[in-house]
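Dear colleague,

I am passing on the structure we spoke about, and my notes on it follow below. Please read them with the structure open beside you.

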Amino acid sequence: MRMFRVTAPASVAVALVFGLFSSISPIGAAGFKQVISFGVNRAADDLDPVTQDANPNIWAYMQIYQQLVRVNAAGDGFVPDLATSWKVSADGKIWTFKLRPEAVFSTGEPVTSADVVWTFQRAHDLDGPWQWALEPMQAITALDAHTVAITLKEPFAPFLSDVSLFSNSIGSVKAFKSASHEEISNHPIGSGPYMLVDWKKGEQLTMRANPHYYVRGLPRTPELRIIYIPDDNTRTIALQSGRVDGIDYPPFSLLSALRGDPRIDVQLNPSTAVQHVLLNVTKAPLNNVKLRQALSYATDRAGIVKAVLYGNGTPATSFLPITTPFFDKGLKAYTLDLNKAQALLREAGVGSSVTLHAMVQSGNADAQTATTLLKAMWSKIGVNLEIEPLDRAAATQRMRNLDYQVYVGGWTNDVPDPSELASYEFDYVTAKSYHTGYQSAAMTALIKQGERELDTAKRRQIYYKMQELAIADAPLIWLYYAPYTDAINKNMKGFIQLATGPWIFTNVTVTQ
Amino acid sequence: MLRYALGRVGQMVPIALLVTVLIFLLIKLVPGDPASAILGDRATDASVAALRHQWGLDRPIWEQYAVYMRNLATGNLGQSLRYQTPVTSMLPRRTSVTFFLIVYSLLLSVLIAVPLALVAALYRNRWPDQVIRAFMALPLASPPFWIGILLLIVFALKLRWLPAEGYGEGFADHLQHLFLPALTLSYAFASVLSRNLRSSLIDVLTTTYVDFARAKGLRGRTVLFGHVLRAAMLPIVTLVGVRLSYAIGGSVVIETVFAIPGLGSWMVDSILSRDYVVVQTLTLMFALGTMLINLTTDLVYPLFDPRVRVG
């Protein structure tokens with residue numbers, strides 16, 4: 001009796017918590033949910049298209065904004081977006097875009113050529129990570145309310161790709177003309193299917209259907225919540241327990257278990273992602289090309305794919321992602337060949353025992369595993385790899401200062417054209433050749449030729465040569481191509497992730 | 001007591017100043033530049049330099065500290081470098097979330113520990129006592145992170161009774177969302193609390209004034225709750241005070257695992273992105289919070305034992 005008297009109140013309290021409170025999922029007509037909840041591993045922190053380059057930001061604001069043209073789902077071409085048609089002059093220098101007259105911002109203001117002019121001028125003038133995309137632009141003019149002409153300094157083959165870049169998302173000149181970067185970031189105004197209604201920083205973005213979106217009936221689900229759940233296990237459990245309808249980046253180690261869950265659909269979406277090893281070529285011994293080639297031959301890419309991606313990827317053969325135009329399927333790339341690696345090491349003359357130092361991002365399990373595997377692989381040819389874990393901010397600073405030797409990283413190509421990646425990885429002026437310090441007059445010449453050659457067949461040959469030269473000079477070691485991984489509830493239909501990364505929620509429905 | 005309390009508050013000022021100096025210097029010594037971290041890999045050197053200049057990070061460190069202290073004195077906690085939002089606009093929600101979590105975990109600890117300790121003390125050395133002591137030893141050997149994941153798997157994944165993450169909307173939703181994280185935080189403390197309370201209860205139960213109360217004919221429940229439990233609580237007040245201070249730091253891991261938008265997860269994110277402004281503010285808050293908890297603990301003692309005097 002005494003035991004009952006003292007334990008009963010506690011039992012009642014616990015029962016109250018379990019029993020009384022149940023969450024309610026709003027259900028709309030025809031059994032579809034009114035809200036899509038999508039769990040993500042990194043929080044958005046800046047929704048200004050021009051000022052930063054983090055995927056969580058880009059993929060979030062792509063629900064709000066539109067571009068003149070949009071990359072197609074396969075990532076190898078374009079579809080009309082705010083521009084219904086476009087043409088280029090015979091000399092390749094003047095691009096004319098006809099705008100969609102029915103497009104309207106979420107404020108109710110129509111989208112006009114003045115908005116395009118302001119957007120492009122801002123993206124051109126502001127010193128941001130995407131300024132290079134409009135560097136070829138000489139002038140932009142509004143010919144009438146719905147026609148824009150962009151004059152280039154010279155013909156530029158990838159220009160349409162650059163126009164499609166998310167940093168050229170069209171904003172409202174009326175709302176943003178005098179706005180600060182913080183105002184644009186905190187209160188984005190676009191003409192896309194969704195508009196931002198609430199942003200709990202570091203927690204959740206809530207978007208609702210843009211009432212003025214010109215496609216009637218879209219988006220099919222009126223509310224979208226992008227929820228920050230950093231822990232991989234928690235995010236996966238949130239999906240499996242039905243708390244969210246989909247998640248990004250389920251860990252490769254959990255894909256097999258998720259595939260076994262009858263409620264879950266695991267998606268491996270084609271991507272423009274390529275993982276690589278950056279080598280600082282400005283300092284000995286990695287300034288020795290024979291050593292770099294030796295390391296490339298000593299790397300078991302298939303083994304890394306198996307260990308890191310659990311087989312859900314492809315060993316890399318080129319610096320270009322497999323989905324990018326002009327990827328050379330016939331390229332004579334590096335394969336695992338320890339004999340060749342040892343022979344090259346001897347030719348390099350760096351001695352029989354070499355010690356290199358690798359940074360690795362702590363918290364990035366894939367990079368840590370890959371770096372550990374490299375240590376084991378390279379030890380077979382007498383190269384000792386010392387590993388130093390650093391958090392992201394510290395690693396980024398060391399990389400930018402060229403204060404490192406080896407660093408596993410990755411890239412997502414943002415446009416369906418090889419020029420962006422070629423420029424970033426091999427043009428020293430752009431980003432110190434992806435912070436490797438690599439400089440090659442021959443490569444720089446090929447980059448310029450690739451940008452100026454308008455004939456597709458000739459352009460292809462230029463990029464084929466570029467890929468061969470990249471293999472020969474080996475400033476990076478390309479490891480694998482990984483798909484984008486998403487896991488969604490099987491009741492969620494219509495979800496698309498573009499090869500360049502952004503999600504498309506416009507046609508998503510979730511049945512209860 | 002008022003004079004004592006005011007004196008203790010006065011002592012907090014130099015300690016708080018020391019904390020501001022220490023954290024200001026420490027965070028600047030950590031490698032990694034906030035402008036690069038926030039702008040990303042593809043930012044140009046010029047844009048990184050421009051942002052550092054905008055934030056005043058290229059000024060001498062003593063000048064940066066002076067600006068920080070001047071702003072602090074006027075209540076200006078600055079703008080989050082990462083989110084470009086005044087810290088004061090994010091602070092109330094984050095603080096309320098962590099406060100809710102800590103109080104919730106404390107209540108759960110007490111709800112679990114007090115009945116178990118009472119039963120264990122009343123049935124001292126008999127099987128209920130032995131079962132309870134064995135059961136409550138388990139949490140001391142289990143890392144909270146592991147317990148949290150287990151609870152998620154059982155209650156969120158398998159049974160689908162409770163949410164896996166987040167804070168929810170509305171009081172009822174908060175109770176539901178925070179139950180698992182609060183239970184994770186409370187579990188180990190409930191074990192310590194129950195063992196200490198059991199010992200304290202046993203000591204009080206054997207005192208002569210309890211025998212006298214029984215001899216007077218008072219009912220068992222009156223003796224237990226009116227005399228024994230109240231007297232046994234004094235050592236527990238100290239434990240609760242220490243625990244509250246510990247819970248502030250302990251919330252960091254739990255909030256990250258359960259995706260709870262509190263001060264702990266905000267601190268982790270801010271350190272990783274080198275958001276100096278937020279790190280400085282939160283560290284100062286944690287330090288002041290710990291000092292206030294210690295002061296409150298001291299002031300609460302006389303409520304349980306009038307013989308205790310403070311000051």
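In which sense, and over how many bridges, do strand 13 of chain A and strand 18 of chain A pair? They pair in the antiparallel sense over five bridges, where pairing requires that DSSP finds at least two bridges between two strands, and strands (E, at least two residues) and helices (H or I, at least four) are DSSP runs numbered from the N terminus.

Before going further, please note that this is a predicted model, in which local features need pLDDT of at least 70 and side-chain atom pairs count only at pLDDT 80 or more, while totals for chains, interfaces and linings use all residues. Residues are numbered from 1 along each chain as its sequence is written, and chains are lettered from A and ligands numbered from 1 in the order in which they are written.

Strand 13 of chain A (residues 273-279) also pairs with strand 17 of chain A (residues 406-412), in the antiparallel sense over seven bridges. Gln275(A) stands opposite Gly410(A) in strand 17, and its bridge partner in strand 18 is Tyr480(A). Seven of the seven residues of strand 13 of chain A are buried (20 or more other C-beta atoms, placed from the backbone, within 10 Å of the residue's own), so the strand is largely enclosed by the rest of the structure.

As for the two chains, the contact (C-beta atoms, placed from the backbone, within 7 Å) takes 45 residues from chain A and 53 residues from chain B. On the side of chain A that touches chain B, the largest share, eight residues, comes from helix 1 of chain A.

With best wishes

Key: A residue is buried if 20 or more other C-beta atoms lie within 10 Å of its own, exposed if 12 or fewer, and partly exposed in between; C-beta atoms are placed from the backbone.
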